[in-house]
Amino acid sequence: MRVALFGGTFDPIHRGHLAIAAAAADAFELDQILFAPTGRQPLKSEAPTASFADRLAMVSLAIAAADNLQPATCNFLVSTLDAPHSDGSPNYTVDLLAALQQQLPGANLFLLLGVDSFLSLPQWRTPNRLLELAEWIVVSRPGISLTPALLDSPQLAPLALTSVQRSRIFLLDTVHEDVSATELRHRLQAGDLCPTLLPPTVAAYIHIHGLYQLNHPPNLF
């Protein structure tokens, strides 16, 4: 079984996320994609705007409404494996992949992420171990050239990637969704439900629960 982990804050999940998942499923013949909202990002000092419960609910709604995007051979699933820790400590991808490997012995695991996140890999916990636990699907983002030369970029130089590690990194340049989560939240705060960027069920959930509004209670994870 070919399973991809698609982590992130999903604050909120938007059509760009779904387009990435659909393109990866097609290109790499994936059987499952696990959407796993992250409790606390180690490399971000600020907490997500929406609570984990709200982000998880929005991901569930988006997946349920994405039947037209899901390839017939691939299931989109929501996962709580990366839920907030009871002690408030950061969530590390290496721990998540190790747990997933135990849950799915024998599965061929992939990590699905955008190129901007991939370029920060030297700052992640135990990057060499990460490259052992899963193969990587790196998705294009506007403004960043996605060619094999990316693996020789200055940002990745500290890793000194070996030929074996390079063979486990795949570049997917067929997605050209230019959605800024920060800009999206700003528009939602201003009362714009962003119908071209959000699945209708997610937009409705945000409206009903008053998310991303100035008077909304702060998220304490």
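User: In this predicted model, at roughly what angle do the axes of H2 and H8 cross?
Analyst: The model is predicted. The axes of H2 and H8 come within 8 Å. Their crossing angle is roughly 150°.

User: Are H2 and H8 roughly parallel or roughly antiparallel to each other?
Analyst: H2 and H8 cross at roughly 150°. Angles over 145 degrees count as roughly antiparallel. H2 and H8 are therefore roughly antiparallel.

User: Is the crossing of H2 and H8 left-handed or right-handed, and which residues in H8 meet H2?
Analyst: The crossing of H2 and H8 is right-handed. On the H2 side, the residues are Asp54, Ala57, Met58, Leu61 and Ala62. In H8 they meet Thr201, Val202, Tyr205 and Ile206.

User: What is the strand order in the open sheet of six strands?
Analyst: The strands of this open sheet pair in parallel. From one strand to the next, the twist averages 25°. The order is S3-S2-S1-S4-S5-S6.

User: Which strands stand at the edges of the sheet?
Analyst: An edge strand here has a single partner strand, so one side of it is left without a neighbour in the sheet. That applies to strand S3 (75-78) and strand S6 (169-172).

User: Which residue in S4 stands opposite Leu5?
Analyst: S1 and S4 pair over five bridges, in the parallel sense. Opposite Leu5 stands Leu111.

User: At about what angle does helix H3 run to S4?
Analyst: H1 packs on the sheet, and its direction makes about 120° with that of S6. Helix H3 (residues 93-103) lies across S1, S2 and S4. Its angle to S4 is about 150°.

User: Which element gives the most residues to the largest nonpolar core?
Analyst: The largest nonpolar core has 40 residues. Ile13, Leu30, Ile33, Phe35, Met58 and Ile137 have the most contacts inside it. Several elements each supply at least two of its residues, including strand S1 (2-8), helix H2 (52-64) and helix H8 (200-209). The one that gives the most, with seven residues, is H1.

User: How many residues are in the other core, the one with Leu34?
Analyst: This core lies apart from the largest nonpolar core. Leu131, Ala134 and Leu161 are also among its residues. It has 30 residues.

User: Leaving aside neighbours within four places in sequence, which Phe residues is Phe35 in contact with?
Analyst: Phe35 is in contact with Ile13, Leu18, Ala21, Val59 and Ile63, among others. Leu77, Val78 and Ser79 are also contacts of Phe35. Its Phe contacts are Phe6, Phe10 and Phe76.

Technical notes: Residues are numbered from 1 along each chain as its sequence is written. This is a predicted model: local features need pLDDT of at least 70, side-chain atom pairs count only at pLDDT 80 or more; totals for chains, interfaces and linings use all residues. Side-chain values use heavy atoms; hydrogens and water are left out. A nonpolar core is a set of buried Ala, Val, Leu, Ile, Met, Phe, Trp, Tyr and Cys residues joined through side-chain atoms within 4.5 Å. Buried means under 20% relative accessible area, exposed over 50%, partly exposed in between (1.4 Å probe, protein chains only). Helices (H or I, at least four residues) and strands (E, at least two) are DSSP runs, numbered from the N terminus. Contact means heavy atoms within 4.5 Å. Two strands pair if DSSP finds at least two bridges between them. Axes are lines fitted to C-alpha atoms, for helices over the stretch in contact, and angles run from 0 to 180 degrees between N-to-C directions. Angles under 35 degrees count as roughly parallel, over 145 as roughly antiparallel, 65 to 115 as roughly perpendicular and the rest as oblique. A crossing is left-handed if the near helix is turned anticlockwise from the far one by less than a right angle, and right-handed if clockwise.
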